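Please look through the model below before reading on. The paragraphs that follow go from one residue to the elements around it.

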Amino acid sequence: MSYTYKTRGTCSTQIEVELDGNIVKNVKFTGGCNGNLQGVSRLVAGRTVDEVESTLAGIRCGFKSTSCPDQLSKAVRAAYEAQE
């Protein structure tokens, strides 16, 4: 299942998440720091929604209240809930 999440408060504008049940299969960011976000995307592949959430939720970017990894934690949860 593929899901598109519109980010808030980050340089990236959206995140495309592909899940297989509760396992993250693929992640693609639009915008943001390309190299870093490719790395984050590869690191979360094969992990569960809960693992991604517990690892990335709450990370901040500078003085912002969120970050691309924090937004990814929200995106995988939204994708998971959308498939139920």
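Apart from its neighbours within four places in sequence, Ser-12 is in contact with Thr-7, Phe-29, Thr-30, Gly-31, Gly-32, Leu-37 and Cys-68. The model is a predicted one, and these contacts are computed from its atoms. Ser-12 itself is found in strand S2. Because its relative accessible area is 1%, under the 20% cut-off, Ser-12 is buried.

One of the contacts of Ser-12, Cys-68, leads to helix H3, which covers residues 68-83. H3 consists of 16 residues, and the distance from its first C-alpha to its last is 22 Å. That span is close to the 22 Å expected at 1.5 Å a residue. At the start of H3, Ser-67 places a side-chain oxygen within 3.1 Å of the backbone nitrogen of Asp-70.

Which residues of H3 are buried? They are Cys-68, Pro-69, Asp-70, Gln-71, Leu-72, Ser-73, Ala-75, Val-76, Arg-77, Ala-78 and Ala-79. An α-helix has 3.6 residues a turn, so residues three or four places apart point the same way. The cover over the buried residues of H3 includes three strands, S1 (2-6), S2 (12-20) and S3 (23-31), together with the helices H1 and H2.

Gln-71 is one of these buried residues of H3. Its relative accessibility is 4%, and Gln-71 therefore counts as buried. Outside the four places in sequence on either side, the contacts of Gln-71 are Tyr-5, Thr-7, Arg-8, Thr-10, Ile-15 and Thr-66. With Thr-66 there is also a polar contact of 3.0 Å between the two side chains.

Where does Thr-66 lie? Thr-66 is in the loop between helix H2 (49-56) and H3. Thr-66 counts as buried because its relative accessibility is 7%. Again leaving aside neighbours within four places in sequence, Thr-66 is in contact with Arg-8, Gly-9, Thr-10, Ile-59, Arg-60, Cys-61 and Gln-71. Arg-8 and Thr-10 thus appear in the contact list of Gln-71 and in that of Thr-66. In the other direction along the chain, Thr-66 and Ala-45 are 21 residues apart, and their C-alpha atoms are separated by 21 Å.

Next comes the empty space in the model. Rolling a probe the size of a water molecule over the atoms shows where empty space is left. The largest pocket has a volume of about 170 Å³. It is lined by 13 residues, and those closest to its centre are Cys-33, Leu-37, Cys-61, Cys-68 and Pro-69. Some of these names have come up before: Leu-37 and Cys-68 are in contact with Ser-12, and Cys-61 is in contact with Thr-66.

Which helix gives the most to the lining of the largest pocket? H1 does, with three residues. H1 and H3 each supply at least two residues of this lining. Sorted by class, the lining has seven nonpolar residues, five polar residues and one charged residue.

H1 also holds a residue that is not buried. Leu-43 lies in H1, which comprises residues 34-44. The relative accessibility of Leu-43 is 61%, so Leu-43 counts as exposed. Its C-alpha is 9.9 Å from that of Val-27, a residue 16 places away in sequence. Leu-43 is thus exposed, whereas Gln-71 in H3 is buried.

Notes
Residues are numbered from 1 along each chain as its sequence is written. This is a predicted model: local features need pLDDT of at least 70, side-chain atom pairs count only at pLDDT 80 or more; totals for chains, interfaces and linings use all residues. Side-chain values use heavy atoms; hydrogens and water are left out. Helices (H or I, at least four residues) and strands (E, at least two) are DSSP runs, numbered from the N terminus. Buried means under 20% relative accessible area, exposed over 50%, partly exposed in between (1.4 Å probe, protein chains only). A polar contact is a pair of N or O atoms within 3.5 Å; within protein, one must be able to donate a hydrogen and the other to accept it, and residues adjacent in sequence count only if both atoms are side-chain atoms. Contact means heavy atoms within 4.5 Å. The expected span of a helix is 1.5 Å times one less than its number of residues. On a 1 Å grid over the protein atoms alone, a cavity is a set of points where a 1.4 Å probe fits but cannot get out, and a pocket is an open set with protein on both sides within 12 Å along at least five of seven lines; lining residues have an atom within 4 Å of a point. Grid points are joined across faces, edges and corners, and a volume is the space filled by probe spheres set on the points. Ala, Val, Leu, Ile, Met, Phe, Trp, Tyr, Cys and Pro count as nonpolar, Asp, Glu, Lys and Arg as charged, and the others, Gly among them, as polar.
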